[in-house]
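The exercises below are meant to be worked with the sequence and the model open side by side. Try each task before reading its solution.

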Amino acid sequence: MAERPDAQRPRRRGRPPATSQEEILAAAWRLIEAEGWESLTIRSLARELGIGAATIYHHVRDREDLLVRLISDYAAGLPRPDLPSEPRARVCAATIALHDALRDLPWAAEVLTVDGFVGRLSDEALWFVEAILDGARRGGCNADQAVALFRNLWYLTVGELLVHARTRERTRSGVDRARLLKEDAAPFDGRDPEVVPQLASIGRAWPALAAKDTYTDGIRALVHGALDQLPQRD
């Protein structure tokens, strides 16, 4: 008779089985793939591993800490593109690479919306941040200016990622899609041109214009503008 899987074996008394952080992260990835990141909890992870929740708390502080560790695990395994030596191009390339990496993990932007997240990532996962700061310092920024530039680039990046992720969720939800399409096609029909003359003049062109991918252009404009201001700022 075949032996039952570990998850089905009766629990033994005494010390719980040792569980490594690698096993915890691997099980968490399985649960996210099967049920979505919103469903991941310490209890569901404990059930997946067949251990008590207390054992998991030896490795992670709470659910948010677990998610940050998953993001670090993911980012550490990403390929690192060759970066240009020219400072502006270097900052832009590193920022766009960070954006593209997180685009494939849309829930990561949701988790990383809190200031201070950088200090919680692993050294390996901080390659993107380090590359952006390095480019900024090469471009003439002092430490304060480099951090400020990174923060502004991050706000633009996470905002863009969240908007796209939530737009995808909205189109997948049970909302009346016909009504959404109608409303989205003409969001400014019937508006008073005396009050909002610019929006009224754009009118039905707004959806197509707003749907354009302007992220890369926005990053370049922000980086060039910030570095071009440095002599005046100093």
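## Exercises on cavities and burial

Within the lining of the second largest cavity, the element that contributes the most is helix 8, which gives 3 residues. The model is a predicted one, and the exercises start from this cavity.

**Exercise 1.** Describe the second largest cavity by its volume, its lining residues and their classes.

*Solution.* Begin with the space itself, which amounts to about 30 Å³. Next, list the residues that line the second largest cavity, namely Leu102, Arg103, Pro106, Ala109, Leu161, Ala165 and Arg168. Then assign these to elements: helix 5, helix 6 (106–111) and helix 8 each supply at least two residues of this lining. Finally, sort the lining by class, which yields 5 nonpolar residues, no polar ones and 2 charged ones.

**Exercise 2.** Determine how many cavities of 30 Å³ or more there are, and characterise the largest cavity by its volume and the classes of its lining.

*Solution.* The count comes to 2 cavities of 30 Å³ or more. The largest cavity has a volume of about 130 Å³. It is lined by 15 residues, of which Ala75, Leu98, Leu102, Leu121 and Ala125 are the closest to its centre. The elements that give two or more residues to the lining of the largest cavity are helix 4, helix 5 (87–103), helix 7 and helix 8 (143–172). Sorted by class, the lining of the largest cavity consists of 15 nonpolar residues, with no polar and no charged residues.

**Exercise 3.** Is Ala131 buried or exposed, and which residues does Ala131 touch?

*Solution.* First locate Ala131, which sits in helix 7 (residues 127–138). The relative accessibility of Ala131 is 8%, and the cut-off for a buried residue is under 20%, so Ala131 counts as buried. Leaving aside residues up to four places away in sequence, Ala131 touches Leu83, Arg90 and Ala94. As a last step, compare positions along the chain and in space: Ala131 and Cys92 are 39 residues apart along the chain, while their C-alpha atoms are separated by 9.9 Å.

**Exercise 4.** Find buried residues in helix 2, and state which helices are included in what covers them.

*Solution.* In helix 2 (residues 42–49), the buried residues to mark are Ile42, Ser44, Leu45 and Ala46. The cover over the buried residues of helix 2 includes helix 1 (21–35), helix 3 (53–56) and helix 4 (63–76). To complete the picture, follow the backbone just past helix 2, where Gly50 takes a positive phi of about 70°.

Methods
Residues numbered from 1 in each chain as written. Predicted model: local features only at pLDDT ≥ 70, side-chain atom pairs only at ≥ 80, totals over all residues. Heavy atoms only, no water. Buried < 20%, exposed > 50% of the residue type's maximum accessible area, 1.4 Å probe, protein only. Helix = DSSP H or I, 4+ residues; strand = E, 2+ residues; numbered from the N terminus. Contact = heavy atoms within 4.5 Å. 1 Å grid on protein atoms, 1.4 Å probe; cavity = no way out; pocket = protein on both sides within 12 Å on 5 of 7 lines; lining within 4 Å. Points joined across faces, edges and corners; volume = space filled by probe spheres on them. Nonpolar A, V, L, I, M, F, W, Y, C, P; charged D, E, K, R; others polar.
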